[in-house]
Structure formats: structure tokens, C-alpha cells
Amino acid sequence: MPLIYCIEDDESIRELILYALNNGGFEAIGFENGDLLLDNLTSNPPNLILLDIMLPGVDGYTILEELKSNYKTSKIPVIMRTSKTSEFDKVKGLDMGADDYIEKPFGVMELISRIKAVLRRVKNYEKDDSKLCIDNLCIDNKRHEVEVDGKVITLTFKEFELLNYLMGNKGIVLSRDKIMTEVWGFDFEGESRTVDVHIRTLRLKLGNAGELIQTVRNVGYKIEG
């Protein structure tokens with residue numbers, strides 16, 4: 001049974017979420033602030049974290065940054081929860097490594113559906129922890145490293161996931177919508193710009209290996225050797 005941590009300072013909302021999750025096939029534990037969460041991560045790491053952004057003391061973005069910068073917790077999937085609705089807020093959380101984003105108010109069925117979708121994506125990524133190479137570009141899922149001509153390239157969390165998805169589907173044309181759903185797990189206005197910007201920065205960081213990522217006009221992208 002997947003273990004879910006829910007960080008929510010509003011006790012009534014927290015208890016409602018915990019009740020729904022515990023009756024929806026999950027084991028759920030709630031925390032009112034980030035300090036309590038971090039104290040429990042090492043001894044009992046969860047399968048997924050529901051993280052509220054607006055918290056007393058340390059906010060959700062800071063907690064997310066700490067989670068993703070620590071190799072022991074960096075692979076724990078995170079769904080951000082907030083009343084903020086601007087595209088900037090959504091992109092900020094996703095680019096920092098969040099796996100999905102759900103706005104308040106939300107339905108319990110939608111929340112459970114999103115949790116299941118994120119857990120499925122994570123499970124699919126974990127099926128292959130081998131080193132995959134295309135020409136001079138290699139990605140190692142187990143070590144979470146990317147190399148070009150034997151030199152390690154530093155990528156953000158989402159850049160790594162994007163490259164991993166492209167390389168795992170070598171030769172297949174992937175639409176922007178498909179990339180957004182599989183890598184970000186989220187659908188919002190301006191999504192094509194998000195994918196395009198990440199492709200552009202990814203190509204720059206990969207240097208000559210960036211040429212492997214091809215643009216398919218009016219459709220999306222693919223990677224070829």
C-alpha cells in the first residue's frame with residue numbers, strides 16, 4: 001500500500017484529505033509544517049508527498065528545493081497544492097522538480113486520480129535503471145547522470161526527465177501535449193512554450209549532442225541517432 005505524506009497547515013483540510021486517501025487505497029500521514037515532514041523522511045520515506053505551498057514558517061517551494069537537492073529524497077514524487085493560479089507559479093514548482101500541480105479547491109476524486117497517475121509514471125521510469133546511449137550522448141537513470149563525450153552535463157530535474165523521455169522513445173515523434181503529460185503530468189495554458197523553452201535550454205547544455213533532438217514542424221520533437 002503506497003504511503004502518502006500530506007503537508008497542510010489547515011487541520012480540517014488535512015483531515016479531509018487523509019480520510020479520503022486512507023479510504024482510497026493509500027496509507028496517509030499528515031503534517032502541519034515542513035519541519036515535521038523533514039524529521040520523518042529519513043526514518044519512514046513515503047511513496048509520494050502532497051505539498052502545500054502556503055505554509056507557516058518554511059514555504060512549500062523551499063521544502064521542495066530541499067527535497068530535490070538531497071539525493072536521499074530527490075526521487076520522491078511531489079504534487080504541489082495551492083490556491084495560486086498564475087502560470088508563473090505553476091511553472092516555478094514544476095521546474096523545481098514537482099511532478100504535478102493541483103489548485104484549491106479540488107475534488108477528492110481528482111486528487112486520487114492525479115496521485116495514481118504520478119505513481120504510474122514513476123513506476124515506469126524505475127523499470128529501466130540502465131545506461132542508455134545514443135551516439136555520444138548517454139543517460140544513466142541509476143546514477144541520475146547525463147554524459148556527452150564522457151563528460152558529465154549538469155541538468156535540472158525536469159531537463160533530465162525530458163531527455164530521459166525522449167531517449168526512451170528514440171525515433172518516435174512526440175507531440176508537445178504528450179511530452180507535457182508524460183514529463184510534467186500537468187495541463188495548462190502556455191504548455192507548448194514550457195516544452196519549447198526546455199528543449200532549447202537542453203540543446204544548449206548538450207552542446208553538439210543537442211543536434212540529436214529534432215524539431216518536427218507543427219507536431220513536436222523526436223531524438224534520433
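The exercises below, each with a worked solution, concern a predicted model of a single structure.

**Exercise 1. Overall dimensions**

Determine how the radius of gyration of the chain stands against that of a compact globule, and describe the box that the C-alpha atoms fill.

Solution. Start from the chain length: for 225 residues, the value expected of a compact globule is near 17 Å, and since the chain has 18 Å, the two agree. Next, take the extents along the principal axes, where the C-alpha atoms fill a box of roughly 55 × 35 × 30 Å. Finally, add the secondary structure, which comes to eight helices and twelve strands.

**Exercise 2. Burial, contacts, surface and charge**

State what share of the residues is buried, what share of the contacts between residues at least 6 apart joins residues at least 24 apart, and how the surface and the charges are made up.

Solution. Of the 225 residues in the chain, 47% are buried. Turning to contacts between residues at least 6 apart in sequence, 60% of them join residues at least 24 apart. The accessible surface comes to about 11300 Å², and carbon and sulfur atoms account for 49% of that area. As a last step, the mean position of the 29 positive charges lies 6 Å from the mean position of the 38 negative charges.

**Exercise 3. The aromatic pair**

Find how many aromatic pairs the whole structure holds, classify the geometry of Y5 and F31, and explain which parts of the chain are tied together.

Solution. A search of the whole structure returns one aromatic pair. This pair is formed by Y5 and F31, with 4.9 Å from centre to centre and 75 degrees between the planes. Planes over 60 degrees apart count as edge-to-face, and the pair is accordingly edge-to-face. Y5 belongs to strand β1 (residues 3-7) and F31 to strand β2 (residues 27-31), so the pair ties together parts that are 26 residues apart in sequence. As for accessibility, both Y5 and F31 are buried.

**Exercise 4. Two residues with positive phi**

For D149 and N218, give the phi angle, locate the residue, and decide whether D149 and N218 are buried or exposed.

Solution. As background, most residues other than glycine have a negative phi. D149, although not a glycine, has a positive phi of about 55 degrees, and D149 sits in the loop between β8 (145-148) and β9 (151-153). Because its relative accessibility is 55%, D149 counts as exposed. N218 is likewise not a glycine and has a positive phi of about 65 degrees, while its location is the loop between β11 (213-216) and β12 (220-223). With a relative accessibility of 74%, N218 therefore counts as exposed.

Key:
Residues numbered from 1 in each chain as written. Predicted model: local features only at pLDDT ≥ 70, side-chain atom pairs only at ≥ 80, totals over all residues. Heavy atoms only, no water. Phe/Tyr/Trp six-rings, centres within 6.5 Å; stacked < 30°, edge-to-face > 60°. Helix = DSSP H or I, 4+ residues; strand = E, 2+ residues; numbered from the N terminus. Buried < 20%, exposed > 50% of the residue type's maximum accessible area, 1.4 Å probe, protein only. Rg over C-alpha atoms; globule rule 2.2 N^0.38 Å. Contact = heavy atoms within 4.5 Å. Areas by Shrake-Rupley, 256 points an atom, 1.4 Å probe, with all protein chains shown as cover. Lys, Arg positive; Asp, Glu negative; His and termini not counted. Charge placed at Lys NZ, Arg CZ, Asp CG, Glu CD.
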